[in-house]
Amino acid sequence: MITRAIGAGSLVRDLGNWQDSGQSHSRRSSRPDPRPAYRALADSIRLLVHDGRVPLGVALPSERELAAALSLSRTTVASAYAALREEGYLRSRQGARSTVAVPARRGPENTGSRMPVGPAIDLSNASLPAPATEIEAAYAAALRSMSTYLDSHGMEPIGVSVLREVIARRYRERGLPTSPDQIMVTSGAQHAMRLLLGVFDDPGDRVVVDHPTYPNALEAIRRYGARPVPVPVRPENGPHGGWDLDGIASAVRQTAARTAFLVPDFHNPTGLCLDEDGRAELARIMRDTRTTLVVDESMVDLWLDAPPPPPVAAMPAGASVVTVGSTAKSLWGGLRVGWIRADRDTIVRLAGARTAVDLGTPVMEQLAAAHLLSDVDELLERRRAGLRERRRALCDALDRRLPDWEYTPGQGGMSLWARMPEPVSTSLAAAAPSHGVLLSAGPRFGVQGAFEHFVRLPHTQDAEVLDDAVEAMAAAYDQVASGRTPDEARLVV
């Protein structure tokens with residue numbers, strides 16, 4: 001079995017000022033680090049594992065390579081690796097390099113989770129409520145149009161022509177020539193992903209993914225029997241520099257992945273957007289490695305700072321890129337309409353494979369989506385304006401109540417990806433309901449236990465609600481970071 005390896009240069013870059021990184025923010029000072037060098041190195045690598053920057057299952061550099069790259073003795077690196085093995089962060093096999101792991105939990109954590117008194121504020125779901133007036137009008141228009149379709153069987157494996165034309169036109173307006181026969185309508189983006197996995201991959205295949213990424217994408221890959229290969233997205237590199245393109249190229253080559261599922265347009269959960277040069281390079285990597293790139297554009301209309309660059313499929317090397325879109329994020333999750341844009345041969349293959357899954361998306365929903373998308377720009381601008389205001393309110397609340405938390409606002413999307421000083425995300429999500437707020441733990445967005453330092457914070461509710469949510473979250477964080485039980489927390493005055 002091929003084991004993916006991380007290079008010494010990449011690991012050194014991520015380690016940064018590694019002799020300080022193992023200490024919590026509250027303990028950092030100008031005093032020298034009292035830990036031995038091997039312990040500081042082990043702690044720093046451990047934090048990179050929990051943050052997802054060193055993916056699970058990769059092989060670390062050899063002791064000799066890392067010692068040379070860090071100008072350390074080989075004994076120091078060997079001692080750090082030994083400590084990580086003892087703690088369960090490295091697994092060793094006879095005759096093979098040690099691979100990264102997360103230790104098994106020793107037992108249930110005492111988080112004191114209990115149901116709140118009264119309704120909790122739900123920050124576990126990044127979605128907007130429906131634009132009621134527009135949705136009602138769209139369904140009324142769809143009902144008036146239904147008579148045209150009632151004398152047929154009503155099963156449309158690739159979608160009704162009126163909607164495929166509207167979707168194709170929107171791609172053309174974004175600089176990507178598209179005809180209706182390059183579009184398949186699906187029952188949402190998740191359905192589209194399941195169809196694409198069935199056409200491009202076999203169970204057991206590797207699939208390169210952003211890390212972190214949308215949890216339902218990981219679930220679809222796992223349920224199909226494929227294996228996600230995570231490549232870190234790095235918000236700390238700034239809004240345009242989050243994607244490790246060299247890492248993507250290395251992951252594809254080392255694992256022989258046949259497909260990559262990436263979210264370059266207002267990435268969920270970070271909100272980052274890959275710039276035009278990065279898109280061109282990404283398309284080139286996929287062409288040169290003969291890897292099928294599937295781009296999820298579910299968030300593409302939710303730009304908050306500036307419109308996105310042209311689609312990845314519009315880049316010079318992007319002819320074989322497959323694009324997935326959806327109405328769920330920009331319009332309403334209850335309108336279960338998505339689509340796939342691909343070359344004609346791929347659409348034909350998808351249509352053939354779809355019969356084993358379903359026979360088409362409901363006509364009524366397709367007609368409602370066509371009505372909405374044919375004249376949607378004003379509605380989208382109103383929704384973007386609301387998200388901008390709520391993002392500002394969430395940032396202000398975090399800066400006031402949780403100043404030690406770090407985040408890089410992306411250029412769009414619906415959420416912030418916040419880094420906590422302590423790796424307590426799972427405990428925080430479990431304790432938060434007792435304080436009146438629901439959260440999604442960071443590891444939901446990663447592979448095999450990564451991202452205990454992180455939590456996704458949607459900014460889709462009113463400013464006053466977000467302020468209350470952050471206040472509740474700060475109380476929950478104080479509880480779990482200090483190790484107090486809820487009864488102990490109530491004794492603090």
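**Exercise 1. Overall composition**

What percentage of the 493 residues in the protein chain do buried residues make up? Describe also the secondary structure and the exposed surface of the chain.

*Solution.* The model is a predicted one.

Step 1. Buried residues account for 55% of the 493 residues in the protein chain.

Step 2. The secondary structure of the chain consists of 17 helices and 14 strands.

Step 3. The area that the protein chain exposes is about 21100 Å², and 51% of it is supplied by carbon and sulfur atoms.

Step 4. Consider contacts between residues at least 6 apart in sequence: 74% of them join residues at least 24 apart.

**Exercise 2. A buried salt bridge**

Determine where R279 and D265 lie, and state whether each is buried or exposed.

*Solution.*

Step 1. R279 and D265 form a salt bridge, in which the closest N and O atoms are 2.8 Å apart.

Step 2. The pair links distant parts of the chain, with R279 in helix α11 and D265 in the loop between β7 and α11, 14 residues apart.

Step 3. The cut-off for a buried residue is under 20% relative accessible area. R279 has a relative accessibility of 0% and therefore counts as buried. D265 also has a relative accessible area of 0%, so D265 is buried.

Step 4. In general terms, side chains of opposite charge can pair when their charged atoms come close.

**Exercise 3. The surroundings of M315**

Locate M315, classify its exposure and list its contacts beyond its neighbours within four places in sequence.

*Solution.*

Step 1. M315 belongs to the loop between β8 (292-296) and β9 (322-326).

Step 2. Its relative accessibility is 6%, so M315 counts as buried.

Step 3. With neighbours within four places in sequence set aside, M315 is in contact with E276, R279, A280, A283 and P310. One of these residues, R279, is the salt-bridge partner of D265.

Step 4. The C-alpha atoms of M315 and G175 are 9.7 Å apart in space, while the two residues are 140 apart in sequence.

**Exercise 4. Further salt bridges**

How many salt bridges does the count come to? Examine two further pairs and one network.

*Solution.*

Step 1. The count comes to 27 salt bridges.

Step 2. R287 and D288 form one of them, with the closest N and O atoms 3.1 Å apart. Partly exposed residues fall between the buried limit of under 20% and the exposed limit of over 50%. R287, at 46% relative accessibility, therefore counts as partly exposed. D288 has a relative accessible area of 42%, so D288 is partly exposed.

Step 3. R388 and E381 are joined through their side chains in a salt bridge with an N to O distance of 3.1 Å. E381 has a relative accessible area of 32% and is therefore partly exposed.

Step 4. R39, D43, R46 and E87 are joined into one network by salt bridges that share partners.

**Exercise 5. Backbone features in loops**

Which peptide bonds, from H211 to P212 and from N268 to P269, are cis or trans? Examine also the phi values of S71 and A256.

*Solution.*

Step 1. Between H211 and P212 the peptide bond is cis, with omega near 10°. P212 is placed in the loop between β5 (206-211) and α9 (215-224).

Step 2. The peptide bond from N268 to P269 is likewise cis, with omega near 25°. P269 is placed in the loop between β7 (259-262) and α11 (276-288).

Step 3. S71 is not a glycine, yet its phi is positive at about 55°. This residue, S71, lies in the loop between α4 (63-70) and α5 (74-87). Its relative accessibility is 68%, so S71 counts as exposed.

Step 4. A256, a residue other than glycine, has a positive phi near 55°. A256 is found in the loop between α10 (245-255) and β7. Its relative accessible area is 53%, and A256 is therefore exposed.

**Exercise 6. A charged surface patch**

Which helix gives the most residues to the negative patch?

*Solution.*

Step 1. The patch of negative charge on the surface gathers E389, E464, D468 and E471.

Step 2. Helix α16 (residues 463-482) gives the most to this negative patch, with 3 residues.

Step 3. E464 lies in helix α16. With a relative accessible area of 57%, E464 is above the exposed cut-off of over 50% and is therefore exposed.

Technical notes: Residues numbered from 1 in each chain as written. Predicted model: local features only at pLDDT ≥ 70, side-chain atom pairs only at ≥ 80, totals over all residues. Heavy atoms only, no water. Patch = residues over 30% accessible without salt bridge, like charges linked within 9 Å, V, L, I, M, F, W, Y side chains within 5 Å. Areas by Shrake-Rupley, 256 points an atom, 1.4 Å probe, with all protein chains shown as cover. Salt bridge = Lys/Arg side-chain N within 4 Å of Asp/Glu carboxyl O. Lys, Arg positive; Asp, Glu negative; His and termini not counted. Charge placed at Lys NZ, Arg CZ, Asp CG, Glu CD. Helix = DSSP H or I, 4+ residues; strand = E, 2+ residues; numbered from the N terminus. Buried < 20%, exposed > 50% of the residue type's maximum accessible area, 1.4 Å probe, protein only. Contact = heavy atoms within 4.5 Å.
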